[in-house]
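Here are my notes for you on this one. Have a look at the structure first, then read the points with it open beside you.

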Amino acid sequence: MNGIDVSKYQGKIDWKTVKLSGVKCAIIRAGWGRTNTDSYFERNVQGCIENNIPFGVYWFIYGINETEAIANADKCHAVISQYRDEITMKVWCDFEYDTDANANKRGVVFDRNKRTSMVKAFCERMKSLGYEVGVYANPDYL
């Protein structure tokens, strides 16, 4: 399926043009960390809804342990819950190099097991809140 990943970095998107181009779905960044909402999240959600483009969301997790991963999930839920019925695809846990870099700044170095436990904590929390979940990460992390 031809889909796109969007966030504030794509700026104002003409969703009608996106639909006409053959894009079949979108994964929209809702936010990151324990406090940050993507400033284009609602605009992108509305664009998908208005143009009948199926979409899911992703949350870029920042944290150093499972407790903070769960706090990321709670913030994600707070941001996306009003669109629960419109989200037709999964909620994705996004874990990338910048997650590691952020932890390193706080004196924490991740290994494979630590990354896995954080991703599991986020996903389990989102599942407990009623969402289908997935993992969105660099291939070498998977």
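The points below go through the strands, then the core, then the cysteines.

1. Before anything else, keep in mind that this is a predicted model.

2. Start with strand E2, residues 25-32. Are its residues buried or exposed? Count them up and 8 of the 8 turn out to be buried, which leaves the strand mostly covered.

3. Now look at who sits beside E2. Strand E1 (residues 3-6) runs parallel to E2 and is joined to it by 4 bridges. If you want a spot to find on screen, Ile4 stands opposite Ala26 in E2. To get from E1 to E2, the chain passes through helix H1 (residues 15-20), and this β-α-β crossover is right-handed.

4. E2 also pairs with strand E4 (residues 55-60). Those two run parallel as well, with 6 bridges between them. Here the pair to look for is Ile27 and, opposite it in E4, Gly56.

5. Strand E3 (residues 36-37) is another partner of E2, but this pairing is antiparallel and has 2 bridges. Gly31 faces Thr37 of E3. What do E2 and E3 form together? They make a hairpin, with 3 residues between the strands, and Gly33 in that turn has a positive phi of about 65°.

6. On to the inside. The largest nonpolar core has 40 residues, and the ones touching the most other members are Phe41, Ile80, Phe122 and Met126. Plenty of elements give two or more residues to this core, including E2, E4, helix H2 (41-50), helix H3 (66-80) and strand E6 (133-137). Which element gives the most? That would be H5, with 6 residues.

7. Met126 deserves a click of its own. Leaving out residues up to four places away in sequence, Met126 touches Ala73, Cys76, His77, Ile80, Val91, Tyr131 and Val133.

8. Last, the cysteines. How many disulfides does the structure hold? The count is 0. As a reminder, a disulfide is a covalent bond between the sulfur atoms of two cysteines. Cys76 is in none, and its nearest cysteine sulfur, belonging to Cys93, is 9.2 Å away. Cys76 is also buried, with a relative accessible area of 0%. Cys93 is in no disulfide either: the nearest cysteine sulfur to it, that of Cys123, is 4.7 Å away, while the cut-off is within 2.5 Å. Cys93 counts as buried because its relative accessibility is 0%.

Note on methods: Residues are numbered from 1 along each chain as its sequence is written. This is a predicted model: local features need pLDDT of at least 70, side-chain atom pairs count only at pLDDT 80 or more; totals for chains, interfaces and linings use all residues. Side-chain values use heavy atoms; hydrogens and water are left out. Buried means under 20% relative accessible area, exposed over 50%, partly exposed in between (1.4 Å probe, protein chains only). Two strands pair if DSSP finds at least two bridges between them. A crossover is right-handed if, with the strands pointing away from the viewer, the path from the first strand over the helix to the second runs clockwise. A nonpolar core is a set of buried Ala, Val, Leu, Ile, Met, Phe, Trp, Tyr and Cys residues joined through side-chain atoms within 4.5 Å. Contact means heavy atoms within 4.5 Å.
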